[in-house]
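Trainee: Could you take me slowly through one part of this model, and then show me how that part sits among the others?

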Amino acid sequence: MHHHNHYYGQTHILSRYAGFDFDHPPRLRGYLQHGWNIGCGWNPVHEFYDGAWRFTWSDAPRRRGHALGRRNYHSIGAPFLYLMELEPEPEEPVEREGTLWFLFHGWEGGKIHGDHQRLIDEIRETEPGPVTFSLYYTEYDRPEVRGFYEDAGFRVVSFGRRGFSYEGTDRRFLFKQLAELRKHKRVAANRLSTAIFYGVAAGCEPAVYGDPMEMDGENPLFGGQSRIERLWPEMLGKTVDLEAARATTDLELGKPWMMPPAELRSLFDWRERV
Amino acid sequence: MSELAAGVQVVRGEMQPWTDHTTPRPALAALLTDVVPANRRTLILGPHAPQLIESVLAHSADVTILVRSVADAQQLGEDFGPCLQVIAGALDGLQSEPYDVIIASDGLDRVLGYDSADLSWTARLAALAALAAPDAVVVLGLENEFSLLNLLDSRPADERHGDDEWRPLHDDPTRPVSVDQLKSALPWTSEVYADFGSRTFVRADVAATARPGELPTRLAGAALESVDVPLLSPAAEGVDTAARAGLLAAIPTGWLAIAGAGATHDVYAQSADVVLTADQTLTGWDTTITGEPPAPAAAPTATAPTATAPTTAAAATTAAAATTTAPTADGGSLFFDPSVVPSTVPSGVSVESVLFRLAAAEDVPAFRKLAADLGDWVTESRLVLRWDDVIYDGDSFAYGVSGWVAEDPIEKEDLLAAAWARFHDRLIGQRRRHPWPPWMLGDDLISAWLGMSGVEPPEQTPATSPDSLPATTEQVACGKELAAALDVVLETSTTIVDVRTTLAEAEEAKQELFELKGHVYGLERTLGFRNKAMKTRENRIRELRGQLQRLTTAHERIRGSRTYAVSRVIFHAAQVRKPKVVARKLARRIRQR
């Protein structure tokens with residue numbers, strides 16, 4: 001329904017899981033959460049059409065949305081988890097090494113600002129092995145940002161674009177991210193974010209540290225960084241309790257809310273039609 | 001006192017023409033059987049169904065009945081003959097020696113005629129007490145003005161009581177409206193039963209401790225479902241709330257006070273033509289089925305009454321109660337089999353109440369887990385499965401007191417489908433909160449729950465026409481028919497829709513329209529995005545075509561130039577690797593010409 005549903009190829013993954021075509025997924029009747037956040041699952045000013053159904057990863061965004069006067073929620077679990085089922089790790093996985101480090105990224109409407117050199121220094125001090133630095137294309141395409149990390153000797157990667165208006169979506173974005181995560185022992189970022197949860201789900205040890213940086217037009221409606229510190233302290237720091245992190249990750253990505261393909265087809269109204 | 005035909009006597013205050021409607025009340029009959037002492041001088045006061053009269057006659061030969069309607073009295077005289085002394089007239093017109101037993105289970109609202117004095121409820125009670133011996137057994141009914149159904153009745157007060165309220169009987173300040181007030185008003189020490197629609201009687205102190213989903217609450221709720229009263233809102237929610245408040249004994253349709261009688265059971269509940277009795281134990285309930293011989297649901301006969309023999313549930317035979325039936329999918333029928341009702345039922349709440357709670361909390365993972373556990377527990381059986389009669393203690397499940405079975409064993413998948421279909425109807429019908437979208441309701445949702453219980457989903461088949469039914473329809477068809485058949489025998493289907501449901505349906509229709517408009521907007525928005533994407537691609541194609549055209553023009557211009565021709569000659573000449581050989585060949589060809 002909404003073009004955001006195609007971001008990172010999430011609908012494509014669910015379509016394949018439900019037994020439909022990956023490249024041309026059926027229209028999804030509602031809104032699909034496309035990233036973890038501390039609010040209702042969408043940005044604070046996201047518009048929804050009347051009576052829209054909202055498919056969240058987990059129950060917490062549903063509860064927060066309910067408090068905002070919104071109804072018609074159903075939690076389904078993050079599509080990334082379904083991808084992990086579709087693309088299981090090889091029986092003999094590659095030996096994990098180093099850290100996949102995610103820089104808090106901006107988006108098409110907002111650039112980030114911060115002290116990249118100080119962050120690099122801190123990463124060098126902290127990370128025991130080689131560092132692969134993941135930049136979203138909004139930073140990857142800015143030589144002045146990418147150069148910092150390349151010059152620091154890090155391997156710099158980007159998984160592609162999430163697209164806009166059904167154009168330019170890298171449908172294998174999450175495939176590439178999953179593959180890269182499975183090569184690394186640690187996942188780290190300067191803010192608690194989707195990538196950290198994906199990393200923990202993919203078997204990495206998480207770490208969240210360094211300058212969180214700032215983004216143009218950040219809306220503090222949901223409480224910002226201080227609320228994250230109050231709600232998820234177990235996910236923050238250079239070393240964290242892995243069991244606690246896994247438990248939180250399962251909850252935030254909605255692992256208990258995952259459902260079998262037939263149920264997903266019914267839920268999305270993806271019945272076979274003439 | 002004068003005498004009419006058929007040995008009917010008449011005292012002051014009789015009514016003619018008039019008749020008082022009565023209905024068989026098997027649970028009450030079973031209660032009277034336990035209460036009425038043998039061979040004592042007995043008065044039945046007010047209109048009582050023949051079945052109830054039979055249960056009294058089974059104990060005593062000296063029985064008198066006082067009814068205000070002459071026509072009813074004559075009919076009773078004809079039906080029962082000399083074994084029942086029938087008097088037509090009003091309570092205040094009866095002068096008699098004291099009775100050892102007085103049965104007034106219909107209450108004191110239909111014991112006076114239009115010619116009687118305006119006696120309050122208390123005055124009528126005094127008149128009754130005057131007819132009772134000092135150690136008499138008295139059974140007295142009282143309609144509850146504070147009953148849940150009364151509170152929810154959608155009719156104005158003056159439209160509720162038909163033609164027999166020539167004086168406002170119910171607006172009587174002396175009339176008790178609680179268990180305590182009733183006990184205080186009676187001149188005898190009494191045991192009080194809460195009467196739910198005359199189908200279920202629960203000892204008041206037991207009802208006061210019953211909580212939502214527990215046996216007395218389940219039976220009370222089911223009994224109220226079968227009462228045909230136009231309501232403002234469904235009663236089920238109120239029953240549960242009252243139970244949570246410990247007020248189940250405060251909201252029944254009536255009470256039955258019993259004075260001077262010995263021990264009875266805690267619960268009497270009608271199920272088809274049999275009666276379940278239950279007694280609370282430390283761990284649950286001991287149950288008994290009082291069965292009656294198979295009998296068509298016709299008018300009572302004048303045959304000599306026989307005592308109904310109580311048996312333990314486990315020992316009762318299926319033949320004892322093959323009475324009420326309903327067709328099922330395979331052409332068979334459902335009937336009540338007392339032998340499948342366990343003789344002990346654990347305490348605990350119904351699975352349905354837990355599922356309702358999980359659905360309202362939108363806790364699908366816990367709902368899924370419970371559904372999976374139920375799927376593991378259920379096995380092929382003749383007993384029709386219903387989640388409102390499966391007891392859950394947090395770890396294990398146990399069957400409740402429903403004895404409705406099919407003739408032949410039903411496959412596990414169909415049993416589960418029947419249970420989920422019934423649950424679906426009750427969840428959606430009662431407009432309870434849940435997390436599933438409207439397009440999923442119906443067969444798809446039942447199928448999804450079946451999937452949670454471990455039943456393989458049907459294979460997706462491509463639709464062949466716009467009207468093609470989804471594969472789930474066939475999967476759940478048998479279960480739905482079983483659930484419908486169960487509804488018929490439980491007599492819980494009512495044709496009267498309550499006001500809240502009607503309002504909610506109207507609001508839902510408006511909401512649906514609102515949401516459909518939103519859906520159209522969403523589709524138009526998607527089309528807008530797609531259109532934008534198409535335009536982007538169209539522009540790109542146009543750009544590429546322009547580039548191609550420019551390149552083609554340039555290419556043709558180059559190909560037509562002298563420079564290009566010379567370059568081609570040079571190019572071909574350059575291809576010649578052995579010029580001497582080529583020269584020799586050319587020379588040979590020239591010579592041959």
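**A helical span and the domains around it**

Mentor: Let us begin with residues 496-554 of chain B, whose end C-alpha atoms lie 84 Å apart in this predicted model, and whose span is 95% helix and 0% strand. The UniProt annotation "coiled-coil region", which comes from an unreviewed entry, covers these residues 496-554 of chain B.

To place the span, turn to the domain assignment of chain B, which gives domain 1 (1-141), domain 2 in two pieces (144-158 + 194-261), domain 3 (344-495), domain 4 (510-560) and domain 5 (561-593). Between domain 2 of chain B and domain 4 of chain B, the C-alpha centres lie 66 Å apart.

Chain A can be read in the same careful way, and its assignment gives domain 1 (3-87 + 254-267) and domain 2 (99-253). The C-alpha centres of domain 1 of chain A and domain 2 of chain A lie 22 Å apart, and the contact between them takes 24 residues from domain 1 of chain A and 29 residues from domain 2 of chain A. On the side of domain 1 of chain A that touches domain 2 of chain A, the elements giving two or more residues are α1 (10-17) and α3 (79-86) of chain A, and α3(A) gives the most, with four residues. Sorted by class, that side of domain 1 of chain A has 13 nonpolar, nine polar and two charged residues.

Key
Residues numbered from 1 in each chain as written. Chains lettered and ligands numbered in written order. Predicted model: local features only at pLDDT ≥ 70, side-chain atom pairs only at ≥ 80, totals over all residues. Domains from an automatic or database assignment. Contact = placed C-beta atoms within 7 Å. Nonpolar A, V, L, I, M, F, W, Y, C, P; charged D, E, K, R; others polar. UniProt positions renumbered as here; feature names shortened; annotations may be inferred.
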